[in-house]
Amino acid sequence: QVQVAESGGGLVQAGGSLRLSCATSGSTLSVISTGWHRQAPGKQRELVAFIGAGGVVTYVDSVKGRFTLSRDNNKSTVYLQMNSLKPEDTAVYFCYADQVVDSQNLQRYWGQGTQVTVSS
């Protein structure tokens, strides 16, 4: 199993910055991808960014140029640096980790989420 824990959320004014952290533990050697989703009130959860097995990072269009996803050298922690924040970025941000179960299956583990609130 993999444990996922987020931190770093908070309240910030529009135009400000926050950095979210996502620490994974447990069977992390079999984690193939880690990323972030967010869910705003009354909206569906949406993908924000993720880093795949080859280290390639993918972003949703709405955060490109403002958010940067990175990870530490041992690949157990990923960071989401969020700059130029907008009120529409307000959401609960969830980190996930995909663990390889076998050649055809992955198991996704989620963190509890961290609230990001951007005031106008």
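A disulfide is taken here as a pair of cysteine sulfur atoms within 2.5 Å. In this predicted model, that criterion yields a count of 1 disulfide. The bond joins Cys22 to Cys95, with the sulfur atoms 1.9 Å apart. The torsion about the S-S bond of Cys22 and Cys95 is about -80 degrees, so the disulfide is left-handed. Cys22 belongs to strand β3 (residues 18-26) and Cys95 to strand β9 (residues 91-102), so the pair ties together parts that are 73 residues apart in sequence. Both Cys22 and Cys95 are buried.

The nonpolar interior may be considered next. In soluble globular proteins, nonpolar side chains tend to be buried together. The largest nonpolar core of this model comprises 25 residues, and those with the most contacts inside it are Trp36, Val48, Phe67, Leu80, Met82 and Tyr93. Two or more residues each are given to this core by β1 (2-7), β3, β5 (46-51), β7 (67-71), β8 (77-82), β9 and β11 (114-119). Strand β9 supplies the largest share, 4 residues.

Phe67 illustrates how the core connects to other parts of the chain. When neighbours within four places in sequence are set aside, Phe67 is in contact with Val48, Leu80, Met82 and Tyr93, among others. The contacts of Phe67 also include the charged residues Arg38 and Asp89.

Arg38 and Asp89 lead to the salt bridges, of which the whole structure holds 5. Side chains of opposite charge can pair when their charged atoms come close. The side chains of Arg38 and Asp89 form one such bridge, at 3.0 Å from N to O. Arg38 lies in strand β4 (residues 31-39) and Asp89 in the loop between β8 and β9, so this pair ties together parts that are 51 residues apart in sequence. Both Arg38 and Asp89 are buried; for Arg38, the relative accessibility is 6%.

Arg38 also meets Glu46 in a salt bridge of 2.7 Å, N to O. Glu46 is partly exposed, with a relative accessible area of 32%. A further bridge pairs Asp61 with Lys64 at 3.0 Å, N to O. Asp61 counts as exposed at 60% relative accessibility, while Lys64 is partly exposed at 48%. Through salt bridges that share partners, Arg38, Glu46, Arg66 and Asp89 are joined into one network.

Finally, the surface carries a nonpolar patch of about 230 Å², made by Ile32, Val100 and Leu106. Of these residues, Leu106 is located in strand β10 (residues 105-110).

Note on methods
Residues numbered from 1 in each chain as written. Predicted model: local features only at pLDDT ≥ 70, side-chain atom pairs only at ≥ 80, totals over all residues. Heavy atoms only, no water. Patch = residues over 30% accessible without salt bridge, like charges linked within 9 Å, V, L, I, M, F, W, Y side chains within 5 Å. Areas by Shrake-Rupley, 256 points an atom, 1.4 Å probe, with all protein chains shown as cover. Salt bridge = Lys/Arg side-chain N within 4 Å of Asp/Glu carboxyl O. Buried < 20%, exposed > 50% of the residue type's maximum accessible area, 1.4 Å probe, protein only. Core = buried A, V, L, I, M, F, W, Y, C linked by side-chain atoms within 4.5 Å. Contact = heavy atoms within 4.5 Å.
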